[in-house]
Amino acid sequence: MNIRKHIPDSITSMNLLCGVVGVILTLDGRPDLGFIFMILGAVFDFFDGLAARLLKASSGIGKELDSLADTVSFGVLPSVMLFVSGGTNVLILKYFPIILAAFSGLRLAKFNVDERQHASFLGLPTPAAAMVCGSLACFVFHSRESLLASWCSGPVFLPVLALVLSLLLVSEIPMFSMKFGGGTKASKVENIKRIVFLAVAFAAVLVVVLFKLHWSLIFLSAFSGYILINLAFFPCHSERSEES
């Protein structure tokens with residue numbers, strides 16, 4: 001029995017377990033702990049691919065298992081976190097964030113069959129959307145008197161956020177990969193976007209430390225910045241496509 005070929009799948013299974021535990025904790029009233037398990041799931045999601053490449057143990061089963069794990073950890077979990085963070089009693093709006101789970105599954109299926117998404121992405125990656133939702137829920141849980149908490153308690157903010165993220169997931173907007181280097185040389189625009197992202201993340205760390213805010217705000221600022229940076233540079237990609 002070749003144990004080596006099962007290592008990447010075992011790591012992927014840990015991502016799936018983190019997602020399931022995160023959902024349970026969130027429904028139990030602890031979205032902050034759910035967010036921690038989402039981060040752990042993201043760590044396992046990174047290392048399963050790395051392990052598969054290093055051990056040369058890629059498989060069709062591993063690819064399907066990875067999509068299943070990502071759907072739970074970065075689709076179902078963030079939608080549940082938005083659901084429990086809402087304060088509205090309007091039935092349709094209260095359950096509206098659940099659509100994020102469906103669009104996340106669609107995004108992952110689209111990624112699996114789209115041959116264009118190797119060095120970068122088309123549409124918002126599910127982990128980035130999940131980090132926005134998870135960090136928001138965590139921050140609101142620990143900062144109930146904040147402006148964001150008051151927005152989440154209303155009937156509009158969370159449904160609109162879920163709708164915007166869902167549409168970005170299945171959009172054709174180019175989104176840069178956070179992996180520097182790799183097999184394909186990145187364009188100048190891609191590198192600029194990465195540098196701006198790192199600057200935003202660094203600035204978020206400084207603000208959180210200086211003003212003694214909750215650490216989840218770092219993730220919320222960084223991944224919200226990731227989305228805005230890609231949207232801001234989208235006209236550059238459109239112009240390049242027209243020229244070519």
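**Figure 1. The whole chain, and how much of it is tucked away.** A residue counts as buried when its relative accessible area is under 20%. With that cut-off in hand, have a look at this predicted model: of the 244 residues of the protein chain, 45% are buried. The chain has 10 helices and 2 strands. Reading from the N terminus, the elements go α-α-α-α-α-β-α-α-α-β-α-α. And how do contacts reach along the sequence? Among contacts in the protein chain with a separation of 6 or more, 75% join residues 24 or more positions apart.

**Figure 2. Helices H1 and H2, side by side.** Here we zoom in on helix H1, residues 7–27, and helix H2, residues 31–55. Their axes come within 8 Å and cross at roughly 170°, which makes H1 roughly antiparallel to H2. What kinds of residues make up this contact? They split into 16 nonpolar, 6 polar and 2 charged. While you're looking at H2, pick out Phe 47, which sits in this helix. Phe 47 is partly exposed, with a relative accessible area of 40%. Its C-alpha lies 8.4 Å from that of Thr 12, although 35 residues separate Phe 47 and Thr 12 in sequence.

**Figure 3. Helices H5 and H8, another pair to compare.** This view shows H5 (residues 99–113) with H8 (residues 157–169), whose axes come within 9 Å of each other and cross at roughly 10°. Is this pair roughly parallel or antiparallel? With that crossing angle, H5 is roughly parallel to H8. On the H5 side, the contact uses Ile 99, Leu 100, Phe 103, Ser 104 and Arg 107. H8 brings in Ala 162, Leu 163, Leu 165, Ser 166 and Leu 169. Sort the residues of this contact by type and you get 7 nonpolar, 2 polar and 1 charged.

**Figure 4. Ile 98, in the loop leading to H5.** Ile 98 belongs to the loop between helix H4 (91–95) and H5. Is Ile 98 buried, exposed or partly exposed? Its relative accessible area is 36%, so Ile 98 counts as partly exposed. Which residues does Ile 98 touch, once its neighbours within four places in sequence are left aside? They are Ser 79 and Phe 83. Val 80 is worth finding too: its C-alpha and that of Ile 98 are separated by 6.8 Å, with their positions 18 residues apart along the chain.

**Figure 5. Phe 35 and Trp 215, a stacked pair.** The structure has 11 aromatic pairs, and this close-up shows one of them. The ring centres of Phe 35 and Trp 215 are 5.7 Å apart and their planes meet at 15°, so we call the pair stacked. Where do the two partners come from? Phe 35 lies in H2, while Trp 215 lies in the loop between H9 (188–211) and H10 (216–243), so the pair ties together parts that are 180 residues apart in sequence. Phe 35 is buried, with a relative accessible area of 0%, whereas Trp 215 is partly exposed at 34%.

**Figure 6. Phe 197 and Tyr 226, an edge-to-face pair.** The rings of Phe 197 and Tyr 226 have centres 6.0 Å apart and planes at 80°, so this pair counts as edge-to-face. Phe 197 is part of H9 and Tyr 226 is part of H10, so the pair links parts that are 29 residues apart in sequence. Phe 197 is buried, with a relative accessible area of 10%, and Tyr 226 is buried too, at 1%. Look around these two and you'll find a cluster: ring pairs link Phe 176, Phe 197, Phe 223 and Tyr 226.

**Figure 7. Lys 212, an unusual backbone angle.** Most residues other than glycine have a negative phi. Lys 212 isn't a glycine, yet its phi is positive, at about 55°. You'll find Lys 212 in the loop between H9 and H10. Is Lys 212 buried or exposed? At a relative accessible area of 76%, Lys 212 is exposed.

**Figure 8. Two cysteines, and no disulfides.** A disulfide is a covalent bond between the sulfur atoms of two cysteines. How many disulfides does this structure hold? The count is 0. Two cysteines to look for are Cys 133, buried with a relative accessible area of 0%, and Cys 152, buried with a relative accessible area of 1%.

Conventions:
Residues are numbered from 1 along each chain as its sequence is written. This is a predicted model: local features need pLDDT of at least 70, side-chain atom pairs count only at pLDDT 80 or more; totals for chains, interfaces and linings use all residues. Side-chain values use heavy atoms; hydrogens and water are left out. A disulfide is a pair of cysteine sulfur atoms within 2.5 Å. Buried means under 20% relative accessible area, exposed over 50%, partly exposed in between (1.4 Å probe, protein chains only). Axes are lines fitted to C-alpha atoms, for helices over the stretch in contact, and angles run from 0 to 180 degrees between N-to-C directions. Helices (H or I, at least four residues) and strands (E, at least two) are DSSP runs, numbered from the N terminus. Angles under 35 degrees count as roughly parallel, over 145 as roughly antiparallel, 65 to 115 as roughly perpendicular and the rest as oblique. Contact means heavy atoms within 4.5 Å. Ala, Val, Leu, Ile, Met, Phe, Trp, Tyr, Cys and Pro count as nonpolar, Asp, Glu, Lys and Arg as charged, and the others, Gly among them, as polar. Rings of Phe, Tyr and Trp (its six-membered ring) pair if their centres lie within 6.5 Å; planes under 30 degrees apart count as stacked, over 60 as edge-to-face and the rest as tilted.
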